[in-house]
Each structure stands twice: as C-alpha cells, then as structure tokens.
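Hi,

Here is the structure I promised to pass on. Have a look at it first, and my notes on the salt bridges and one of the helices follow below.

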Amino acid sequence: MIRIREVIVVEGKYDRIKLGSVVDTLIIETNGFGIFKDDELLNMLRLLANERGLLILTDSDSAGFVIRDYLSGAIPPEQIKHAYIPPVSGKERRKTASSKEGLLGVEGIECGIIEDVLRRAGATIEDESVEQEASTGGITKLDLYKAGLTGGQDSADRRRRLFGLLGLPENLSTNRLLAVLNATMSCEKYKQIMHDFKWID
C-alpha cells in the first residue's frame, strides 16, 4: 500500500473501497452525478484541493468524463491531477449486467493497474517516515471528545459551528470529520481553533 498526499476523488462507495486497498489517503465520493447538486460537497472538495490537491479517478466511460470535466471547471486546474484507468471490457462481479458502454469501472480494475495509473498521474508518494509521523501525531477521536465535538449534550451544535467555520457539509460523520481535519490541518492548528472557541484550555 502506498501513502499519497493528494485527496482522491472517485464516483461511488465501491470505488472508494477498492482504492482503500491500494492507497492510504483520504478518498471522497462524488455520489455519481450527485456532485452537481451538492454545493456543500463541492465546497469541501475545494477546501481539500487548496490544502492537499485532488487526484481525480473516475470511470473511463462518458459519465466519468462528465464528472471529471465538471470538477475541472469548478476547481483551479493547478490543484488537480488526473488519473485514468484503461478501457477494459467487462462487468463487475456484484452487477447483473455490464455498464452501458461495457467497460469496467474503477472498482473492477486490478490493484496493480490502479497503483500504476496513480503514479503516472504524478501522485505525491510520501515515504514511510512521513507515514509514521502522520499516524502518531494526528488528530484523534479522543481529541474530538475532549473538545466536546462528540459524546456531549451540545456536541451537535459544536460540530455545526465548526462545519460553518471550515465550510464543511453539516452531515459529515465523525469518522469523515476526523479524516477531513487530518487532511487539512496540523494537530497544532486544530488545537488552536478549539482554544479560540474556548472548547479546550
């Protein structure tokens, strides 16, 4: 498994699951064409693009290119890298029929091929020392709890205030919130925000 700096954007949850077996990074789903009507999700992607850059990996069919083109027009091009899976005929095991164009999506492509296309797209590969540092020094669920963002009577209100400050969707799960925080800020910056809110000493 490789660890990369950029946030990867895929179309759906099965793509995310497949990518999760190949790379260690934050992976965001567009929910297919759902991104066209989800301003909060788009704003979150813009935030992530500015902080870490995006690597777009959609299917190689026409729908995948429509989504890719939409994101390319909504986010500064210098913050985006594009990875393309090869057009492989076939059908994913979980589906009863192949796609309209008869091509495998991201979820159906071999892991080795996915890693190769990510590298060829210019993904920023982080070495093991960076990975170890990130895994031991990041924001944890305990940090969220200490700031009253989980497990308290007013936790939902606190999360809404934080979402408003950071421009994040209000329906983020705790796990996704944690992933986005770790992708966009250091532990020190997080603690400073919590201190400014007077949620921690």
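Let's start in helix α7 (residues 155-166), where Asp157 and Arg160 sit three residues apart and are therefore separated by about one helical turn. An α-helix has 3.6 residues a turn, so residues three or four places apart point the same way. Asp157 and Arg160 do form a salt bridge, with 2.4 Å between the closest N and O atoms. Both ends are partly exposed: Asp157 has a relative accessibility of 43%, and Arg160 has a relative accessible area of 40%. Do keep in mind that this is a predicted model.

**Salt bridges**

How many salt bridges does the structure hold? There are eight, and besides the one in α7, two more caught my eye.

One of them is between the side chains of Arg3 and Asp24, at 3.1 Å from N to O. Arg3 belongs to strand β1 (residues 2-4) and Asp24 to strand β3 (residues 23-24), so this pair ties together parts that are 21 residues apart in sequence. Is Arg3 buried or exposed? Arg3 is buried, at 18% relative accessible area, while Asp24 comes out as partly exposed at 27%. Glu126 comes in here too: Arg3, Asp24 and Glu126 are linked in a network of salt bridges.

The other joins the side chains of Glu6 and Lys81, at 2.9 Å from N to O. This pair links distant parts of the chain, 75 residues apart, with Glu6 in the loop between β1 and β2 (7-10) and Lys81 in strand β6 (residues 80-82). Glu6 is buried, with a relative accessible area of just 4%, whereas Lys81 is partly exposed at 27%.

**Helix α2**

Next, α2 (residues 39-52). The helix has 14 residues and reaches 20 Å from its first C-alpha to its last, close to the 20 Å expected at 1.5 Å a residue.

Which residues of α2 are buried? They are Leu41, Leu42, Met44, Leu45, Leu48, Ala49 and Arg52. Looking down the axis of α2, you'll find these buried residues within an arc of 160 degrees, so they line one face of the helix. On the face turned away from that buried side, α2 carries the exposed residues Asp39 and Asn50. The cover over the buried residues includes the strands β1, β2, β4 (27-29) and β5 (54-56), along with the helices α3 (62-74) and α8.

How does α2 pack against α8 (residues 174-184), and at what angle? The angle is about 35 degrees, and the two axes are 9 Å apart. On the α2 side the contact is made by Met44, Leu47, Leu48, Glu51 and Arg52, and on the α8 side by Val180, Asn182, Ala183 and Thr184. By class, that contact has five nonpolar, two polar and two charged residues. Right after α2 comes Gly53, with a positive phi near 90 degrees.

**One last spot**

Have a look at Asp201 too, in the segment after α9 (187-196). Asp201 counts as exposed, at 92% relative accessibility. Its C-alpha atom is separated by 9.4 Å from that of Ala147, and the two residues are 54 apart along the chain.

Cheers

Conventions. Residues are numbered from 1 along each chain as its sequence is written. This is a predicted model: local features need pLDDT of at least 70, side-chain atom pairs count only at pLDDT 80 or more; totals for chains, interfaces and linings use all residues. Side-chain values use heavy atoms; hydrogens and water are left out. A salt bridge is a side-chain nitrogen of Lys or Arg within 4 Å of a carboxyl oxygen of Asp or Glu. Helices (H or I, at least four residues) and strands (E, at least two) are DSSP runs, numbered from the N terminus. Buried means under 20% relative accessible area, exposed over 50%, partly exposed in between (1.4 Å probe, protein chains only). Axes are lines fitted to C-alpha atoms, for helices over the stretch in contact, and angles run from 0 to 180 degrees between N-to-C directions. Contact means heavy atoms within 4.5 Å. Ala, Val, Leu, Ile, Met, Phe, Trp, Tyr, Cys and Pro count as nonpolar, Asp, Glu, Lys and Arg as charged, and the others, Gly among them, as polar. The expected span of a helix is 1.5 Å times one less than its number of residues. The arc is that of the directions from the helix axis to the C-beta atoms.
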